[in-house]
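Here are my notes on the model you sent over. I start with one charged pair and work outwards from there.

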Amino acid sequence: MISKEAHRLTNLSTNVLTLTTLESQTILNNQTSFDLTEQIRQAVILLWPQLEEHKLNVDLTLAPATAFGNADLLNQVWVNLINNAINFTPDRGHLTIKIERHDDQIAVSVNNDGPLISPTDQDHLFEKFYQADNRSNVGELGLGLGLAIASQIIALHQGRITVVSNPADHTTFTVYLAKGQPSS
């Protein structure tokens with residue numbers, strides 16, 4: 001129990017430091033072109049043990065896409081969104097991860113069939129320390145920083161992140177990034 005709490009506090013301090021650094025950052029460093037499709041595949045592989053543990057069905061529809069940005073920071077976004085989807089999906093549930101290319105942008109969406117997020121909670125999900133109380137396994141509540149960090153990373157990439165949660169669509173987080181090099 002002490003070890004688990006120490007790990008949680010370490011994660012909290014690391015995430016607070018990460019968010020503070022991102023919030024003060026105005027210029028995005030270490031930008032390169034990279035294979036976004038492969039990066040999403042690698043994030044799924046990294047989280048595969050958790051997907052198997054919960055016996056989740058995963059549908060990947062990944063259009064070939066190249067992104068321009070800080071690959072390490074964007075990887076953190078995908079891992080966070082997929083991990084959240086895993087944590088909020090009941091055992092034997094379903095996740096869908098898509099990359100779609102549009103005229104001027106790339107859309108990456110992570111959808112799960114877990115509990116819906118209320119409209120009130122949707123308005124606050126990207127705020128620091130905010131936690132919607134709809135997780136089926138309340139013992140694993142997070143720190144309320146992952147989506148704030150993801151939102152800040154996406155903003156630094158001149159993109160946006162949205163959430164839709166309703167009975168027809170379940171819960172979908174979508175990240176929109178510009179194709180090619182974003183303008184300064």
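1. Glu 38 is partly exposed, with 30% relative accessible area. Keep in mind as you read on that this is a predicted model. The partner to look for is Arg 41: the two form a salt bridge, with 3.4 Å between the closest N and O atoms. That sits inside the 4 Å cut-off for a salt bridge. The count for the model comes to one salt bridge, so this pair is worth a look on screen.

2. How far apart along helix H2 are Glu 38 and Arg 41? They are three residues apart, so about one helical turn separates them. Arg 41 belongs to H2 and is partly exposed as well, at 37% relative accessible area. Buried would mean under 20% and exposed over 50%, so Arg 41 lands in between.

3. While you have Arg 41 selected, check Leu 62 too. The two residues are 21 apart in sequence, and their C-alpha atoms are 8.6 Å apart in space.

4. Next, the packing of H2 (residues 36-46) on H4. Their axes come within 9 Å and cross at roughly 45 degrees. That makes H2 oblique to H4. The crossing is right-handed.

5. Which residues of H2 and H4 meet? From H2 you have Leu 36, Gln 39, Ile 40, Ala 43, Val 44 and Leu 46, and from H4 Ala 71, Leu 74, Asn 75, Trp 78, Val 79 and Ile 82. By class this contact has 10 nonpolar residues, two polar ones and no charged ones. The salt-bridge residues Glu 38 and Arg 41 are not on that contact list.

6. H4 (residues 71-88) also packs with H6 (residues 146-156): the axes come within 9 Å and cross at roughly 145 degrees. This crossing is left-handed. On the H4 side the contact uses Leu 73, Leu 74, Gln 76, Val 77, Asn 80, Leu 81 and Asn 84, and on the H6 side Gly 146, Leu 147, Ile 149, Ala 150, Ile 153 and Ile 154. Sorted by class, that gives nine nonpolar, four polar and no charged residues. Leu 74 is worth a click: it is listed in the contact with H6 and again in the contact with H2.

7. H6 itself has a run of buried residues: Leu 147, Ala 148, Ile 149, Ala 150, Ile 153, Ile 154 and Leu 156. Among them, Leu 147, Ile 149, Ala 150, Ile 153 and Ile 154 are also listed in the contact with H4. After H6 comes Gln 158, which has a positive phi, near 60 degrees.

8. Ahead of H6, look at Gly 144 in the loop from helix H5 (119-122) to H6. Is Gly 144 buried or exposed? At 17% relative accessible area, Gly 144 is buried. Its C-alpha lies 8.6 Å from that of Ala 132, and the two are 12 residues apart in sequence.

9. Last, the whole chain. There are six helices and seven strands, in the order α-β-α-α-β-β-α-β-β-α-α-β-β along the sequence. Of the 184 residues, 41% are buried. Counting contacts between residues at least 6 apart in sequence, 73% join residues at least 24 apart.

Key: Residues numbered from 1 in each chain as written. Predicted model: local features only at pLDDT ≥ 70, side-chain atom pairs only at ≥ 80, totals over all residues. Heavy atoms only, no water. Axes fitted to C-alpha atoms, helices over the stretch in contact; angles between N-to-C directions. Helix = DSSP H or I, 4+ residues; strand = E, 2+ residues; numbered from the N terminus. Left-handed = near helix turned anticlockwise from the far one by under 90°. Contact = heavy atoms within 4.5 Å. Nonpolar A, V, L, I, M, F, W, Y, C, P; charged D, E, K, R; others polar. Parallel < 35°, antiparallel > 145°, perpendicular 65-115°, else oblique. Salt bridge = Lys/Arg side-chain N within 4 Å of Asp/Glu carboxyl O. Buried < 20%, exposed > 50% of the residue type's maximum accessible area, 1.4 Å probe, protein only.
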